[in-house]
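Student: I would like a close look at one part of this model, the enclosed space inside it, followed by the surrounding elements. Please keep the account plain.

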Amino acid sequence: MTITIALDAMGGDHGPRVTVSAALAFLESRPEARVALVGQPDAIEGELRRLAAGSHERLQVVPATEVVRMDEPPAQALRTKRDSSMRVALSLLRDGHADACVSAGNTGALMAVAHFILKTLPGIDRPAIMTALPTLKGHVHLLDLGANVECTGEHLRQFAVMGAIVATAVDGKERPSVGLLNVGVEDIKGNEMVKTAAQLLARSGLNYIGYVEGDGIYAGHADVIVCDGFVGNIALKTSEGLARMIRAFLKEEFGRNIRTRLAGLVARPILKAFARRVDPKRYNGATLVGLNGVVVKSHGSADTVAVRNALEVALREVRHNIPDRIRREMEPPPQRGLA
């Protein structure tokens, strides 16, 4: 089965300089995949020439004349940029010419345009942004990461169902544990939204384990952790900043004098292994779950390795038929006829 991914080649801080090389690297390791590079042909083909890529039978350039800026208001991008690389890539997915879409562009615009083009699945009020983060026990699926800064308890229940479906499909866990991010584990803690969500999750049939505090995210207390987008985005960005600070501190300490530099040489293999385990590039690629199609958001500042990982996430989501699994789970049970 050939899987085609529409890649917004103009999205992100670096545009074709990163997206084109990422697509080529991805195709080299994935013979079952095709990539449609969507964007301004001159810029894309210029980058292909620079990389001496030549012709590639599994790489297609799809023209789009406009680009959504990283600081552009989502409503403006939706109303005025009808031929943007982002919108054309999502339209390829909607029309069946692609199996997934990947973009490193403006997050708010991507969510707005994707919602407009693809619509949400039945039973889902709002799509959510979800990603996997490393833990002491493997990884955790965290959502929402910023799509919905104001939520209801019912929204969090829907997020939990979608997260559990992804964990089951991707990780092979029959009943993944689901936690609700909160300021404490006691029943009395949290605002009304969280308390309402807790009641709904307790009756949901999911493997709900209760509240999880912030330090429980990386301790591996749950397979899926749910929160509103305001809290989730702050948690994610704080984690990324902490990882960068730790790397900077280690580099500073090992470079302090001759003795510490020698110690750094001895410890280099361990430091490299540590850097790989906490490198955000490895976990780049957040899924917009709840839409009629697979859409993956790459970090705006992503480099070639990170964008390639986002393409891998999209490929995995398509293989596991994530939207169809969510659709089947959220369908209401058939009505029985009256006797």
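Which residues line the second largest cavity?

Tutor: The model is a predicted one, and the values below are computed from it. The lining of the second largest cavity consists of Gly 11, Gly 12, Asp 13, His 14, Gly 15, Val 18, Thr 19, Ala 104, His 299, Gly 300, Ala 302 and Val 307. By class, 7 of these lining residues are polar, 4 are nonpolar and 1 is charged. The space enclosed by the second largest cavity is about 40 Å³.

This cavity belongs to a set of 3 cavities of 30 Å³ or more. The largest cavity has a volume of about 50 Å³. Its lining is made of Thr 287, Leu 288, Val 289, Gly 290, Leu 291, Gly 293, Val 294, Glu 317, Ile 322, Pro 323 and Ile 326. Two elements, β10 (286-289) and α12 (322-330), each give two or more residues to that lining. Here the division is 7 nonpolar, 3 polar and 1 charged.

Asn 321 is in the loop between α11 (304-319) and α12. The phi of Asn 321 is positive, about 50°, although the residue is not a glycine. Most residues other than glycine have a negative phi, and most peptide bonds are trans. With a relative accessible area of 40%, Asn 321 is partly exposed. Lys 119 is another residue other than glycine with a positive phi, near 65°. Lys 119 sits in the loop between α5 (107-118) and β5 (128-135), and its relative accessible area of 44% makes it partly exposed.

A further backbone feature is found in the loop between β6 and α6, where Asp 144 lies. The peptide bond joining Leu 143 and Asp 144 is cis, with omega about 10°. Gly 146 is also in the loop between β6 (138-143) and α6 (153-171). Gly 146 is partly exposed, at 30% relative accessible area. Val 231 is 85 residues from Gly 146 along the chain, yet their C-alpha atoms are separated by 7.9 Å.

Next comes strand β7, residues 177-181, in which 5 of 5 residues are buried. Ser 177, Gly 179 and Leu 181 point to one side of β7, while Val 178 and Leu 180 point the other way; all are buried. β7 runs parallel to strand β8 (residues 207-212), and 5 bridges join the two. Within this pairing, Gly 179 is opposite Gly 210 of β8. The pairing of β7 with strand β9 (residues 224-226) is also parallel, over 3 bridges. There, Leu 180 has Val 226 of β9 as its bridge partner.

The connection from β7 to β8 includes helix α7 (residues 192-202), and β7, α7 and β8 form a right-handed β-α-β unit. Gly 190 lies in the loop between β7 and α7. Gly 190 is partly exposed, with 27% relative accessible area. Between Gly 190 and Glu 174, 16 residues apart in sequence, the C-alpha to C-alpha distance is 29 Å.

Helix α4 (residues 85-94) is another mostly covered element, with 9 of its 10 residues buried. The buried residues are Ser 85, Met 86, Arg 87, Val 88, Ala 89, Leu 90, Ser 91, Leu 92 and Leu 93. Just after α4, Gly 96 has a positive phi of about 85°.

The last point concerns the cysteines. A disulfide is a covalent bond between the sulfur atoms of two cysteines. The structure holds 0 disulfides. The sulfur of Cys 151 cannot be assigned to such a bond because the closest cysteine sulfur, in Cys 227, is 8.5 Å away, which is too far. Cys 227 is likewise in no disulfide, with the sulfur of Cys 151 as its nearest at 8.5 Å. Cys 151 counts as buried at 14% relative accessibility, and Cys 227 is buried with a relative accessible area of 3%.

Conventions:
Residues are numbered from 1 along each chain as its sequence is written. This is a predicted model: local features need pLDDT of at least 70, side-chain atom pairs count only at pLDDT 80 or more; totals for chains, interfaces and linings use all residues. Side-chain values use heavy atoms; hydrogens and water are left out. On a 1 Å grid over the protein atoms alone, a cavity is a set of points where a 1.4 Å probe fits but cannot get out, and a pocket is an open set with protein on both sides within 12 Å along at least five of seven lines; lining residues have an atom within 4 Å of a point. Grid points are joined across faces, edges and corners, and a volume is the space filled by probe spheres set on the points. Helices (H or I, at least four residues) and strands (E, at least two) are DSSP runs, numbered from the N terminus. Ala, Val, Leu, Ile, Met, Phe, Trp, Tyr, Cys and Pro count as nonpolar, Asp, Glu, Lys and Arg as charged, and the others, Gly among them, as polar. Buried means under 20% relative accessible area, exposed over 50%, partly exposed in between (1.4 Å probe, protein chains only). Two strands pair if DSSP finds at least two bridges between them. A crossover is right-handed if, with the strands pointing away from the viewer, the path from the first strand over the helix to the second runs clockwise. A disulfide is a pair of cysteine sulfur atoms within 2.5 Å.
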